[in-house]
Amino acid sequence: MASPIVIAGGTVVDQLSERKVDLLLINGVIADSGAPGAFDGRGETVDASDAVVMPGLVDIQVHFRTPGGEESEDISSGAAGAALGGVTACVMMPNTIPTIDNVEIVSDVLSLARAAACDVRTSAAITVERAGERLVDFAALHQAGVRVFTDDGWVVDDADLMEAALRETLELPGAVISQHAEHSEMVAGGVLNAGSVAKRLGLPGRPREAEAVIVERDIALAAKTGGRYHVLHMSTSLATEQVRRAKQAGFRVTAEVTPQHLILTEEDVERLGSAGIMNPPLRLATDVSALRAALLDGTVDAVATDHAPHHPRLKEMGLAEAPPGMLGVETMASVIWDTFVNGGSMSRQQFVAVTSSQPARIADIHEHGQPLTPGNPANIAVFDPSKAWAIDGSSLQSKSTNTPWQGQQFIGKVRHTICRGLLVVQDGLLVH
């Protein structure tokens, strides 16, 4: 049973309002809210002076590499980094070894996650072994707790199979089919965006149109079946416009974008080296502008990191050989806050929406992203908007170091994280 906690001196910001109140947490639930000082002496005091108290962040695309890739990350290290970043819930991707595609592996993963510093959920594959040939047992996996289904890393190229997947999940409450949207043949062998930088470096590219082709097809299938469809790590203006039109038409379509796709372009790959390689790749400045506009106007529903750790010896390979992916779960809050809230384009409530309440709704995670009102679960991040810090991959909690933000300073940092009513991060340090 969690000891009572008083979050004192902060400004609560959630989807309802911004208000100067203290919170009293008892037994994992927000028991009461009141004027500053109202709960003095009622529990352990968590200092939120000059800070923003918000629903814990929800990252619906992380790779914690369990099972099979624990050299680069495991559930414990990944969740610890998430907690330090104010993330109280996250969804693991299934492109593990073996693939998370059956109830036994889901049970094993969730068992390992019970002791983690944040609430770790897992997705499952759409097709067995992500081979694109045979659908998984959606009903059984749903019964085991899975809500997000994706062959992430690989696309489901077969339109008939994708349509069948959308139909099979129609009667499963909260289930969503999520797609890594890049046409396989169009991006085969590609390393970075098909453009001027790829030409300059003499490397094969991954064309922007490969994303648009799949998103257009999948939206048509979602419209045909009435199924829920989610675009993972959307990267182009082309796909963004297709999602905008789909939403205007009332289709059940959502989309996410990563911090890196909101800030970096293909030009940054030469500076970052292998730390700048990911799939889908960093794109053009015009794509960044379109994604930013879509995030701010509601076309894009969520920010998700696609946190993809790789052991340093793997990332030390050349651009063509290094595995794709960047770290992100520990740094997302700071990067997005500094870029958009401090930059003046996003309100604090919008920040809560795209990093917490909306991703929680996409992944059907009811206990997180809720308003900070009495009766709701105590999953909370306390964020210091004036704290400056320089990101150093070697000091992050991950087993890996492949951050694209190496050496960059951001303003705004998580001070405390409370998950399931337990203080898991205090004054920027993990509570053991």
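Reader: Does Arg244 count as buried or exposed?
Author: This is a predicted model, in which local features need pLDDT of at least 70, side-chain atom pairs count only at pLDDT 80 or more, and totals for chains, interfaces and linings use all residues. Residues are numbered from 1 along each chain as its sequence is written, and side-chain values use heavy atoms, with hydrogens and water left out. The classes are set by relative accessible area: buried is under 20%, exposed is over 50%, and partly exposed is in between (1.4 Å probe, protein chains only). Arg244 has 18% relative accessibility, so it counts as buried.

Reader: Which residue forms a salt bridge with Arg244?
Author: A salt bridge requires a side-chain nitrogen of Lys or Arg within 4 Å of a carboxyl oxygen of Asp or Glu. For Arg244 the closest N and O atoms are 2.9 Å apart, and the partner lies 3 residues away, about one turn of helix H8 (residues 237–248). Helices here are DSSP runs (H or I, at least four residues), as are strands (E, at least two), both numbered from the N terminus. The partner, partly exposed at 32% relative accessibility, is Glu241.

Reader: How many residues apart in sequence are the parts tied together by Asp301 and Lys247?
Author: These two side chains meet in a salt bridge of 2.6 Å, N to O. Asp301 belongs to the loop between helix H11 (285–297) and strand E17 (302–303), whereas Lys247 belongs to helix H8, so the parts that the pair ties together are apart in sequence by 54 residues.

Reader: Which of the classes, buried or partly exposed, does Lys247 fall in?
Author: Its partner Asp301 is buried, since the relative accessible area of Asp301 is 12%. Lys247 is at 25%, so Lys247 counts as partly exposed.

Reader: Which residues are joined into one network by salt bridges that share partners?
Author: By the salt-bridge rule the count comes to 22. Where such bridges share partners, one network joins Asp119, Arg121, Glu367 and Arg420.

Reader: What is the relative accessibility of Asp14, the salt-bridge partner of Arg19?
Author: In the bridge between Arg19 and Asp14, the closest N and O atoms are 2.8 Å apart. Asp14 counts as buried, because its relative accessibility is 0%.

Reader: Which residues form a negative surface patch?
Author: Patches are made of residues with over 30% relative accessible area and no salt bridge, with like charges joined within 9 Å and nonpolar side chains (Val, Leu, Ile, Met, Phe, Trp, Tyr) within 5 Å. Lys and Arg count as positive and Asp and Glu as negative, with His and the chain ends not counted, and a charge is placed at NZ of Lys, CZ of Arg, CG of Asp or CD of Glu. Areas come from the Shrake-Rupley method with a 1.4 Å probe, and for residues only the protein chains shown count as cover. The patch is formed by Asp157, Asp158, Asp160 and Glu185.

Reader: What is the relative accessible area of Asp157?
Author: Asp157 sits in the loop between strand E11 (148–150) and helix H4 (159–168). Asp157 is partly exposed, because its relative accessible area is 35%.

Reader: Where is Glu182 found?
Author: Glu182 is buried, as its relative accessible area is 2%. Among the residues it touches (contact means heavy atoms within 4.5 Å) are Val155, Arg206, Asn279 and Arg283, when residues up to four places away in sequence are not counted. Glu182 is found in the loop between strand E12 (176–179) and helix H5 (184–187).

Reader: How many residues of helix H1 are buried?
Author: Elements covering the buried residues of H1 include helix H2 (103–113), strand E10 (119–122) and strand E19 (409–419). Helix H1 (residues 75–84) is largely enclosed by the rest of the structure, because its buried residues number 9 of the 10.

Reader: What is omega for the peptide bond from Asn279 to Pro280?
Author: Most peptide bonds are trans. A cis bond joins Thr66 and Pro67, with omega about 5 degrees. The bond from Asn279 to Pro280 is also cis, and its omega is near -5 degrees.

Reader: What is phi of Asp427?
Author: Most residues other than glycine have a negative phi. Asp50 has a positive value, near 60 degrees. Asp427, which counts as exposed at 53% relative accessibility, also has a positive phi, near 50 degrees.
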